[in-house]
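Got the viewer open and a selection tool at hand? Let's take a short walk through this one, stop by stop.

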Amino acid sequence: MSSIRRTKKYIRYACGDIAAELLIASHAIKDFNSAVTPDIINDIASLQVDSLSKCKFAFDKAKSDFEDGKAYRAAKHKYTAAAFNKLKEEMSAKMQKIVHKMNAAMPQHIKDAAKA
C-alpha cells in the first residue's frame, strides 16, 4: 500500500512517460501512423485525470464503531489496501488498451524487428 501523494506522483509519471514515448515514436519512426497520435494522447490525459480523481479514499466508519483502536486501524488499512488495488487494476487495464493502440500505430517492419 502506498500513500495518496506517492500514488498521484506515480500516476503522473506513468502517464507522462507513455505520452513521451508516443510522441518520440511518432516523430522518430518514419512510417508511424501519426493520425492516431492525438486520440491516444487524449486517452492518456483522460486516464490521468480519471485516476487522479479516484485517489482520494474515504473510510466510512468511525473509531467509535469498533471495540478498540487496533480493530479500527486494521479495518481502515484493509479498506485502503483494497481501494488502492482496485485503482491499480483499473489503471493497468486502461493502460494496456492505450499500449495496444500505440502498437497498432507502429509499422509492421518495426514490430518484426522488435520480435527478432
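Which residues do ring pairs link into a cluster? Select Phe-59, Phe-66, Tyr-72 and Tyr-79, and you have the cluster on screen. Keep in mind as you go that this is a predicted model.

**Stop 1: inside the cluster**

Zoom in on Phe-66 and Tyr-72. Their ring centres are 5.7 Å apart and their planes make an angle of 65°, an edge-to-face pair. Colour by accessibility if you can: Phe-66 comes out partly exposed, at a relative accessible area of 22%, while Tyr-72 is buried at 16%. The cut-off for buried is under 20%, so Tyr-72 falls inside it.

**Stop 2: another ring pair**

A search through the whole structure turns up 5 aromatic pairs. For the next one, pick Phe-57 and Phe-84. Here the centres sit 4.8 Å apart with the planes at 80°, so this pair is edge-to-face. Now show the backbone around them: Phe-57 lies in the loop between α2 and α3, Phe-84 belongs to helix α3, and 27 residues separate the two, so the pair links distant parts of the chain. How buried or exposed is each partner? Phe-57 is partly exposed, with a relative accessible area of 21%, whereas Phe-84 is buried, at 9%.

**Stop 3: α2 against α3**

Select residues 37-53 for α2 and residues 69-105 for α3. The helices pack at an angle of about 175°, and their axes are 10 Å apart. That makes α2 and α3 roughly antiparallel, since angles over 145 degrees count that way. To light up the contact, show side chains for Ile-40, Asp-43, Ile-44, Leu-47, Asp-50 and Ser-51 on α2, then Leu-87, Met-91, Lys-94, Met-95, Ile-98, Lys-101 and Met-102 on α3. Colour these by class and you get 8 nonpolar, 1 polar and 4 charged residues.

**Stop 4: back to α1**

Finish with residues 4-28, helix α1. Try a ruler between its end C-alpha atoms: they are 36 Å apart, which agrees with the 36 Å that its 25 residues should span at 1.5 Å a residue. Then pick out its buried residues: Thr-7, Ile-11, Cys-15, Ile-18, Ala-19, Leu-22, Ala-25 and Ser-26. What covers them? Bring α2 and α3 back into view, as both are among the elements covering the buried residues of α1.

Conventions: Residues are numbered from 1 along each chain as its sequence is written. This is a predicted model: local features need pLDDT of at least 70, side-chain atom pairs count only at pLDDT 80 or more; totals for chains, interfaces and linings use all residues. Side-chain values use heavy atoms; hydrogens and water are left out. Axes are lines fitted to C-alpha atoms, for helices over the stretch in contact, and angles run from 0 to 180 degrees between N-to-C directions. Helices (H or I, at least four residues) and strands (E, at least two) are DSSP runs, numbered from the N terminus. Angles under 35 degrees count as roughly parallel, over 145 as roughly antiparallel, 65 to 115 as roughly perpendicular and the rest as oblique. Contact means heavy atoms within 4.5 Å. Ala, Val, Leu, Ile, Met, Phe, Trp, Tyr, Cys and Pro count as nonpolar, Asp, Glu, Lys and Arg as charged, and the others, Gly among them, as polar. Rings of Phe, Tyr and Trp (its six-membered ring) pair if their centres lie within 6.5 Å; planes under 30 degrees apart count as stacked, over 60 as edge-to-face and the rest as tilted. Buried means under 20% relative accessible area, exposed over 50%, partly exposed in between (1.4 Å probe, protein chains only). The expected span of a helix is 1.5 Å times one less than its number of residues.
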